[in-house]
Amino acid sequence: MVNSQTSGVPPASRSCAGCGGKIADRFLLFSMERYWHTRCLKCSCCQAQLGDIGTTCYSKGGMILCRSDYIRLFGHSGACSACSQSIPASEMVMRAQGNVYHLKCFSCATCRNRLMPGDRFHYINGTIFCEHDRPGAVLLNSHLPLQSSSVLTDQKMSVIA
C-alpha cells in the first residue's frame with residue numbers, strides 16, 4: 001500500500017476502486033493495482049480504514065482485510081495447520097482454537113478418521129482427537145467450515161502524490 005500526496009488535481013482516470021468516484025482528495029492510496037480514497041480502502045470485517053492502521057493489507061476471497069482479521073479468519077500464514085500447505089482459493093476449511101485446516105487434514109491423531117462438521121472432538125496441545133480417542137480433556141463442539149476464495153496476497157498500500 002503506497003500513501004502519497006497528490007500534486008494538483010489527479011488525472012480524470014483516477015477513480016476510486018471502492019466507491020467509483022473521482023479522486024480529488026489531497027491524499028489517495030494505491031493498492032492491488034488500483035487507486036482508492038483513503039476513506040474507501042477499509043477492512044471487509046472491521047471496517048477500519050487501512051491507510052490509518054498500517055502500510056499492509058491482505059486480500060483473500062474478494063475481501064480486503066487488516067492483518068488482525070486475516071489472522072483471525074485464516075490463521076497466521078494462510079496455510080493448513082496440519083500439513084503447512086497453502087489452502088486453495090475455493091476450498092472450505094475447518095477451524096479450531098485459532099488454527100485453520102484443510103477438510104481432509106482435520107482428522108483424529110489416533111485413528112486418522114476425518115472429522116466432519118457436527119462431530120465432537122478434543123483439541124489438546126494443538127492435536128485433534130475424535131470423541132472416541134479422547135485422552136481425557138474437556139470436549140469442544142466442532143467448528144463449522146468457513147468459505148475462502150483465494151490464496152492470501154500481502155498487498156502494499158501506497159499514497160500517491
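Visitor: Is Cys16 buried or exposed, and what is its relative accessible area?

Guide: Keep in mind that this is a predicted model. Buried means under 20% relative accessible area. Cys16 falls on that side of the cut-off, so it counts as buried, with a relative accessible area of 4%.

Visitor: Which cysteine has the sulfur nearest to that of Cys16, and how far away is it?

Guide: A search of the whole structure turns up 0 disulfides. Cys16 is accordingly in no disulfide. A pair of sulfurs would have to lie within 2.5 Å to count, and the nearest cysteine sulfur sits 3.7 Å away, in Cys40.

Visitor: Why is there no bond between Cys108 and Cys111?

Guide: A disulfide is a covalent bond between the sulfur atoms of two cysteines. Cys108 itself is buried, at 0% relative accessible area. Its closest cysteine sulfur is the one in Cys111, but that is too far for a bond, because the separation is 3.7 Å.

Visitor: On to the rings. How is the aromatic pair of Phe30 and Tyr35 arranged: stacked, edge-to-face or tilted?

Guide: The structure holds 3 aromatic pairs, and Phe30 with Tyr35 is one of them. Their ring centres are 4.9 Å apart. Planes under 30 degrees apart count as stacked and over 60 as edge-to-face, so with 55° between the planes this pair is tilted.

Visitor: What relative accessibility does Tyr35 have, and how does it count?

Guide: Its partner Phe30 has 22% relative accessibility and counts as partly exposed. Tyr35, at 25%, also counts as partly exposed.

Visitor: Which residues do ring pairs link into a cluster?

Guide: Phe30 and Tyr35 form a pair. Elsewhere, ring pairs link up a cluster made of Tyr101, Phe106 and Phe121.

Note on methods
Residues numbered from 1 in each chain as written. Predicted model: local features only at pLDDT ≥ 70, side-chain atom pairs only at ≥ 80, totals over all residues. Heavy atoms only, no water. Buried < 20%, exposed > 50% of the residue type's maximum accessible area, 1.4 Å probe, protein only. Phe/Tyr/Trp six-rings, centres within 6.5 Å; stacked < 30°, edge-to-face > 60°.
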